[in-house]
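Dear colleague,

I am handing over the structure below, and after it I describe what was found in it. Please keep it open beside this message while you read.

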Amino acid sequence: MKLELTPRQSKAFHAAIDGSNRIIVFGGAIRGGKTYWLLLTITYLALEYEKSRWVIIRKSLPDLKRTTFPSYASILADGLTEYVQSIVTGK
């Protein structure tokens, strides 16, 4: 896999998965990697906790389609496709 986190993303990722933090605040400027970090973290946690359910909400559907969908497609293309099942196709 080619997934690489920045040092700040890595610190937040480890804070999210080690269980010592219930709330993690990750902010910054536009194009700072927040969506990428969130999607990668949620994907990891969803794989770690098999029956868990996760939701990502944006201000509007166009925002979700413009930002989140392409980011997640990029993450899947970097090697996670084999671990993620499509809700639509079941594959």
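**What was found**

Ala 12 has its place in helix H1, and at a relative accessibility of 8% this residue counts as buried, because the cut-off for that word is under 20% relative accessible area. Please bear in mind throughout that this is a predicted model. Ala 12 and Trp 37 are 25 residues apart along the chain, while their C-alpha atoms are separated by 8.3 Å.

To place this residue in its setting, it helps to step back to the whole protein, which has three helices and zero strands, and which therefore reads as α-α-α along the sequence. Of its 91 residues, 23% count as buried. If you consider the contacts in the protein with a separation of 6 or more, residues 24 or more positions apart account for 53% of them.

**Helix H1 and its two sides**

Helix H1 covers residues 7–17, and within this helix Gln 9, Ala 12, Phe 13, Ala 15 and Ala 16 are buried. These buried residues lie on the same side of H1, because they cover an arc of only 165° around the axis. The face of H1 that is turned away from the buried side carries Pro 7 and Lys 11, which are exposed. What is it that covers the buried residues of H1? The cover includes helix H2, which runs over 34–48. After H1 comes Gly 19, a residue whose phi is positive, near 85°.

**How H1 meets H2**

The axes of H1 and H2 come within 10 Å and cross at roughly 30°. Since angles under 35 degrees count as roughly parallel, H1 and H2 are therefore described as roughly parallel to each other, and the crossing in which H1 passes H2 is right-handed. On the H1 side of this contact you will find Gln 9, Ala 12, Phe 13, Ala 16 and Ile 17, and these meet Tyr 36, Trp 37, Leu 40, Thr 41, Tyr 44 and Leu 45 in H2. Sorted by class, the contact of H1 with H2 is made up of nine nonpolar residues, two polar residues and no charged residues.

One residue of this contact that you may wish to look at is Tyr 44, which is found in helix H2. Is Tyr 44 buried, exposed or partly exposed? With a relative accessible area of 32%, Tyr 44 is partly exposed. When residues up to four places away in sequence are not counted, Tyr 44 touches Phe 13 and Ile 17. Tyr 44 and Phe 13 are 31 residues apart in sequence, and from C-alpha to C-alpha they are 9.5 Å apart in space.

**How H2 meets H3**

Helix H3 is formed by residues 61–80, and its axis and that of H2 come within 10 Å and cross at roughly 55°. H2 and H3 are therefore oblique to each other, and here too the crossing, in which H2 passes H3, is right-handed. In this contact Thr 35, Tyr 36, Leu 39, Leu 40 and Thr 43 of H2 meet Thr 67, Thr 68, Ser 71, Tyr 72, Ile 75, Asp 78 and Leu 80 of H3. The residues of the contact of H2 with H3 divide into six nonpolar, five polar and one charged.

**The loop between H2 and H3**

Finally, please look at Trp 54, which lies in the loop between H2 and H3. This residue is partly exposed, with a relative accessible area of 40%. Which residues is Trp 54 in contact with, once its neighbours within four places in sequence are left aside? They are Ile 42, Leu 45 and Ala 46. Of these, Ile 42 is 12 residues away from Trp 54 in sequence, and the two are 7.3 Å apart in space, C-alpha to C-alpha.

With best wishes

Notes: Residues numbered from 1 in each chain as written. Predicted model: local features only at pLDDT ≥ 70, side-chain atom pairs only at ≥ 80, totals over all residues. Heavy atoms only, no water. Buried < 20%, exposed > 50% of the residue type's maximum accessible area, 1.4 Å probe, protein only. Helix = DSSP H or I, 4+ residues; strand = E, 2+ residues; numbered from the N terminus. Arc of directions from axis to C-beta. Contact = heavy atoms within 4.5 Å. Axes fitted to C-alpha atoms, helices over the stretch in contact; angles between N-to-C directions. Parallel < 35°, antiparallel > 145°, perpendicular 65-115°, else oblique. Left-handed = near helix turned anticlockwise from the far one by under 90°. Nonpolar A, V, L, I, M, F, W, Y, C, P; charged D, E, K, R; others polar.
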